[in-house]
Amino acid sequence: MHTLTFDPKEPLRLILVGVGGTGSLMLTHLVRLDQAIRALGGAGLHVTAFDPDVVSETNLTRQNFAPADIGRHKAVVLVERCNLYAGLCWDAYPRTLQDGDVKGAHVVISCVDSAQSRRAIHAAFRSQAPQYWLDCGNDAATGQVILGQVRQSPARLPHVLDRDPTMHTGVDDDRPSCSAAEALTRQHLFINPAVALQAAQLLGELLLNAKTPTCGAFINLAEPLRVVALPVPEGQPEVPRARRPKPLLKARRERRPRRPAA
């Protein structure tokens with residue numbers, strides 16, 4: 001079991017990198033999560049989205065955009081929509097993540113489609129690392145969600161570059177991104193929603209319960225068993241009760257069965 005490293009009631013700063021196939025759907029889930037946290041007494045989320053791309057016609061089938069959005073920056077379009085819908089004041093930057101953007105962030109969520117982009121995100125952690133790095137990735141019909149920690153600690157959760165060394169030194173994926181026209185024939189239509197849902201579920205469990213038994217998930221839409229959870233590694237430090245953050249959701253107490261009448 002992994003214990004959350006901060007108080008979930010405090011204002012939480014999240015950074016979302018990439019609002020394409022998976023990220024555009026993840027942003028919608030973050031609105032729901034923000035409302036849930038506020039309803040349970042927390043201060044809620046403040047999300048800052050980064051993506052340099054603009055909406056094209058080929059994005060409309062796989063991503064959360066409308067025809068009227070074509071030509072506008074993806075991050076600006078979606079954050080404006082969330083702000084209007086839920087009365088938020090989230091921020092959008094139509095560019096890549098840079099060194100210094102991560103300062104004060106509790107969670108960085110990456111929804112990018114190449115090893116090069118992940119290495120660039122990791123490089124942006126040099127000046128100050130976030131508390132958690134939640135990475136989402138997918139291929140044609142498979143995907144993965146990895147929750148890790150970047151700060152040096154003997155018992156930290158391994159992040160995506162720890163778990164897949166080929167991303168650290170490997171060759172970049174130079175195929176067209178998931179927003180290209182060929183994506184409809186090369187990728188399962190619902191792999192992005194499946195990955196975004198697992199990422200939101202994992203993040204929600206961590207923030208609402210202040211702990212989690214899993215730190216990732218593997219999705220395979222081509223197999224009968226479509227989701228396999230990644231358990232938290234053994235050896236996680238035992239946090240003293242007095243230092244544990246209080247969960248927003250209270251644990252359910254099992255009711256004792258009634259004794260039969262004599």
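Gln149 is buried, at 10% relative accessibility. The model is predicted, and this residue is a handy way into it. Gln149 sits in a loop, between strand E7 (142-148) and helix H4 (160-163). What does Gln149 touch, leaving out residues up to four places away in sequence? The list runs His2, Thr5, Gln131, Tyr132, Arg156, Leu157 and His159.

Move on to Val150. This residue is in the loop between E7 and H4 too. Val150 is buried, with a relative accessible area of 11%. Beyond four places in sequence, its contacts are His122, Phe125, Ala129, Trp133, Arg156 and His159. Arg156 and His159 thus appear in the contacts of Gln149 and in those of Val150. A further distance places Val150 in the fold. Its C-alpha lies 13 Å from that of Arg118, and 32 residues separate the two in sequence.

Now step back into strand E7, where Ile146 is found. Ile146 is buried, with 3% relative accessible area. Its contacts beyond four places in sequence come from several stretches of the chain. Trp133, Leu134 and Asp135 are among them. So are Pro158, His159, Val160 and Arg163. Cys215, Gly216, Phe218 and Leu230 complete the set. His159 is thus a contact of Ile146, as it is of Gln149 and Val150. Arg126 is another matter: its C-alpha is 20 Å from that of Ile146, at a separation of 20 residues along the chain.

Turn to the N-terminal part. Pro11 is in the loop between strand E1 (2-3) and strand E2 (12-17). Is Pro11 buried or exposed? Pro11 counts as exposed because its relative accessibility is 61%, and the cut-off for exposed is over 50%. Even so, Pro11 has contacts beyond four places in sequence: Ala43, Gly44 and His106. The C-alpha atoms of Pro11 and His46 are 7.3 Å apart, with their positions 35 residues apart along the chain.

Next, the helices. H2 covers residues 74-86, which is 13 residues. From first C-alpha to last it reaches 18 Å, close to the 18 Å expected at 1.5 Å a residue. Which residues of H2 are buried? They are Lys74, Ala75, Val77, Leu78, Val79, Cys82 and Asn83. The cover over these buried residues includes helix H1 (23-39), strand E3 (45-50) and strand E4 (91-93). After H2 comes Gly87, with a positive phi near 65 degrees.

H7 spans residues 191-209 and has 19 residues. Its reach, first C-alpha to last, is 27 Å, close to the 27 Å expected at 1.5 Å a residue. This helix is mostly covered, with 14 of its 19 residues buried. Ala210 follows H7. That residue lies in the loop between H7 and strand E8 (211-212). Its phi is near 60 degrees, a positive value in a residue other than glycine. Most residues other than glycine have a negative phi. Ala210 is also buried, with a relative accessible area of 3%.

The end of H7 leads to a pocket. The second largest pocket has a volume of about 650 Å³. Its lining counts 22 residues, and those closest to the centre are Asn209, Ala210, Lys211, Pro245 and Pro247. By type, the lining divides into 10 nonpolar, 3 polar and 9 charged residues.

Last, the cysteines. How many disulfides does the model hold? The count is 0. A disulfide is a covalent bond between the sulfur atoms of two cysteines. Here the test is a pair of cysteine sulfur atoms within 2.5 Å. Take Cys89 to begin with. The nearest cysteine sulfur belongs to Cys82 and is 12 Å away, and Cys89 is in no disulfide. Cys89 counts as exposed, at 59% relative accessibility. Then take Cys111. Why is there no bond from its sulfur to that of Cys136? The sulfur of Cys136 is the closest cysteine sulfur, but at 4.1 Å it is too far for a bond. Cys111 is buried, with a relative accessible area of 11%.

Conventions:
Residues numbered from 1 in each chain as written. Predicted model: local features only at pLDDT ≥ 70, side-chain atom pairs only at ≥ 80, totals over all residues. Heavy atoms only, no water. 1 Å grid on protein atoms, 1.4 Å probe; cavity = no way out; pocket = protein on both sides within 12 Å on 5 of 7 lines; lining within 4 Å. Points joined across faces, edges and corners; volume = space filled by probe spheres on them. Nonpolar A, V, L, I, M, F, W, Y, C, P; charged D, E, K, R; others polar. Buried < 20%, exposed > 50% of the residue type's maximum accessible area, 1.4 Å probe, protein only. Helix = DSSP H or I, 4+ residues; strand = E, 2+ residues; numbered from the N terminus. Expected span 1.5 Å × (residues − 1). Contact = heavy atoms within 4.5 Å.
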